[in-house]
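Student: Could we go through the aromatic rings and the charges around them in this one? I'd like to start with the charges.

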Amino acid sequence: MQENLPKMPPQAKCTRCRARASVSLPSHNSRFCTACFLHFFRTAVTRGIKKAGPEKETPLMVAVSGGKDSLTAWAVLDDLGFETRGLHLNLGVEGYADASRQAVAGFAASRGLPWSEYSLKQEFGFSLPEIYDILHYKICAVCGKLKRHFLNRLTAREGYPCLATGHNLDDEASRLLGNLVGDRQEFVKRQYPFLPSPHPAIPARFKPLYRLEIKEIREYCRMQDIHPVQGSCPYATGATSHYFREALEYLEEKMPGTKRGLLFNYLRKPKELGFSGGFTPCRICGEPSLPETCPVCGLKKRVQDMEAKRNAQNRNLKKSDSKHTN
Ligand code: AMP
Ligand code: ZN
């Protein structure tokens, strides 16, 4: 699979200004020099904002994992003149969490931007490795759910009305494909690049990079000297979303523009957006929730129950061991 943009013949010219091109974008049938590529990139973000996005005066909380997508989202929003603050959730994964944190800290320092850090262990009671150790299954889905809820809650707690994330065109197209194949209409409705706030304690959500491909984001990082965390989360294996991503990548190689076509054709259709049903306070934590107990409290209860069961089993094992040795 092609990881980077295709190499350029030395005589290739920029589609926009006719200078020497340095980047080729087959899905746009274009080649750009560095300056025109940066222009193309920022225009893709402003075009998305014009279609549906926050007002220019809206202060934005930007969820930054330390990866290339979220750091790029933060960089572009800053370049476009938005007031921004970074929000990093430390998941407690040994080695990877420190490296991610450092990438966020380094980027924020290079631009003099403010950011806040929270830890999953402190907010939820368990770090990601601890959850994995107890539950053992579907850790990516669990992690995604926890991140979604805590990033929302922390944004509201810090008084920001809108949360921006680094989701890109590849993320959105593959997720759409997965949701359509599984006919998960509830999720499809919440997949739009801008979702207005559905409740005073839940921020609006915004995906500034939804029109940009991974390869384009990687190129932007290189040109702008952004240094994201290297490698990927060691727990990110076996998620079914990878298969949809690979399938789309295959189609894209054969037919450039397929990913874009799938996502944008879908977004063009008028839809009823957001959440159906009303929010009530979770009976345990009081956060706005669709079910009586919010998904975070439901998950916490499950992890605590399984931990208690495991501890009881360990105690019994120890008891029978000491009986045998006595
Ligand atoms: P992922 O769920 O890893 O595909 O990430 C999607 C988006 O969620 C990223 O682009 C970030 O904006 C945000 N995000 C993921 N992990 C974190 C984290 N640990 N802290 C803050 N934001 C995150
Ligand atoms: Zn709750």
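**Rings and charges**

Tutor: Let me begin with an arginine: in this predicted model, R153 lies over the face of F150, at 5.8 Å from the ring centre.

Student: And what about K56, which ring does its charged end sit over?

Tutor: The ring in question belongs to F82, and the charged end of K56 sits over it at 5.6 Å from the ring centre.

Student: Okay, switching to ring-ring contacts: how many aromatic pairs are there?

Tutor: The structure holds ten aromatic pairs. One of them is formed by F37 and F41, whose ring centres are 6.0 Å apart and whose planes meet at 50°, an angle between the 30 and 60 degree limits, so the pair counts as tilted.

Student: Where do F37 and F41 lie?

Tutor: Both belong to helix α1, which covers residues 34-51, and they are four residues apart, about one turn of the helix.

Student: Are those two buried or exposed?

Tutor: F37 is buried, and F41 is buried as well.

Student: Now the tyrosines, how are the rings of Y192 and Y266 arranged?

Tutor: Their centres lie 6.5 Å apart with the planes at 50°, so this pair, too, is tilted. Because Y192 lies in the loop between α8 (185-189) and β7 (194-195) while Y266 is in helix α11 (residues 258-268), the pair ties together parts that are 74 residues apart in sequence. Both Y192 and Y266 are buried.

Student: Back to F37 and F41, which cluster do ring pairs link them into?

Tutor: That cluster consists of F32, F37, F40, F41 and Y220, linked by ring pairs.

Conventions. Residues are numbered from 1 along each chain as its sequence is written. Chains are lettered from A and ligands numbered from 1 in the order in which they are written. This is a predicted model: local features need pLDDT of at least 70, side-chain atom pairs count only at pLDDT 80 or more; totals for chains, interfaces and linings use all residues. Side-chain values use heavy atoms; hydrogens and water are left out. Helices (H or I, at least four residues) and strands (E, at least two) are DSSP runs, numbered from the N terminus. Buried means under 20% relative accessible area, exposed over 50%, partly exposed in between (1.4 Å probe, protein chains only). A charge sits over a ring if NZ of Lys or CZ of Arg is within 6 Å of the ring centre and within 35 degrees of the ring normal.
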